[in-house]
Amino acid sequence: MSESSTYDILNRIAILHSRSLAAYLHYAKPWAIQAHPKTQAVLEQMVADQLDTVDRLAALIMENGPVDPGEFPISFTGWHDLSVDWLVNKLIERQKRTIALMEQLTAELNLAPYAQAMAREAVGQAKGHLENLQEVAGELQVSPA
């Protein structure tokens with residue numbers, strides 16, 4: 001695997017974090033999430049961890065070129081006024097897809113062990129965030145607002 005491939009893969013993983021639905025909802029602050037402190041706390045921790053991961057990946061990426069800032073998907077803009085239940089379920093759905101993609105990208109880093117270790121750590125963290133989101137989803141089903 002060439003340096004540019006490692007560079008491209010790390011940029012893709014960084015974009016998965018910096019342009020995640022969680023990051024978008026953190027910036028957009030929809031009312032539905034602000035009205036649920038537990039959901040808000042999980043989202044804030046998730047975004048803080050993701051930004052920390054992006055910072056660590058960026059240090060490695062910048063050894064070979066610029067960090068691609070990526071873009072939020074335009075579909076996110078239509079989700080501002082939806083219920084907290086819907087948003088949490090969408091966060092779970094997207095988190096599962098992100099984990100699957102990150103596992104694939106991590107496997108492609110097999111000739112870059114340091115980068116692969118960082119990517120594996122990010123996958124583990126993403127799985128922890130998924131568990132937190134699933135816990136919130138369970139609580140929302142028990143006590144709807």
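## Terms and model

Helices are DSSP runs of H or I with at least four residues, numbered from the N terminus, and a pocket is an open set of grid points whose lining residues have an atom within 4 Å of a point. The structure described here is a predicted model.

## The largest pocket

With the helices numbered in this way, the largest share of the lining of the largest pocket, six residues, comes from α5, while α1, α2 and α5 each supply at least two residues of that lining. The volume of this pocket is about 240 Å³.

In total 16 residues line the largest pocket, and of these L16, R19, S20, R94 and T98 lie nearest its centre. Sorted by class, the lining of the largest pocket comprises nine nonpolar, three polar and four charged residues.

## The largest cavity

Turning from open to enclosed space, the structure holds two cavities of 30 Å³ or more, and the largest cavity has a volume of about 50 Å³. Its lining is made up of L16, H17, Q50, Q95, T98, M102, A122, Q125, A126 and H129, and the elements that give two or more residues to this lining are α1 (3-18), α5 (84-107) and α6 (113-142).

Of these elements, α6 gives the most to the lining of the largest cavity, with four residues. By class, the lining of the largest cavity holds four nonpolar and six polar residues, with no charged residues. L16 and T98 appear in this lining, and L16 and T98 are also among the residues that lie nearest the centre of the largest pocket.

## The second largest cavity

The second largest cavity, with a volume of about 30 Å³, is lined by L25, H26, K29, I33, Q34, Q40 and L43. Two or more residues of this lining come from each of α2 (21-28), α3 (31-34) and α4 (37-61). The lining residues of the second largest cavity fall into three nonpolar, three polar and one charged.

## Packing of α4 and α6

The axes of α4 and α6 come within 10 Å and cross at roughly 170°. Because angles over 145 degrees count as roughly antiparallel, this crossing makes α4 roughly antiparallel to α6. Where α4 is in contact with α6, the residues divide into eleven nonpolar, seven polar and six charged.

Both helices also take part in the cavity linings described above, since α4 is one of the elements that give two or more residues to the lining of the second largest cavity, whereas α6 gives four residues to the lining of the largest cavity.

Note on methods:
Residues are numbered from 1 along each chain as its sequence is written. This is a predicted model: local features need pLDDT of at least 70, side-chain atom pairs count only at pLDDT 80 or more; totals for chains, interfaces and linings use all residues. Side-chain values use heavy atoms; hydrogens and water are left out. On a 1 Å grid over the protein atoms alone, a cavity is a set of points where a 1.4 Å probe fits but cannot get out, and a pocket is an open set with protein on both sides within 12 Å along at least five of seven lines; lining residues have an atom within 4 Å of a point. Grid points are joined across faces, edges and corners, and a volume is the space filled by probe spheres set on the points. Ala, Val, Leu, Ile, Met, Phe, Trp, Tyr, Cys and Pro count as nonpolar, Asp, Glu, Lys and Arg as charged, and the others, Gly among them, as polar. Axes are lines fitted to C-alpha atoms, for helices over the stretch in contact, and angles run from 0 to 180 degrees between N-to-C directions. Angles under 35 degrees count as roughly parallel, over 145 as roughly antiparallel, 65 to 115 as roughly perpendicular and the rest as oblique.
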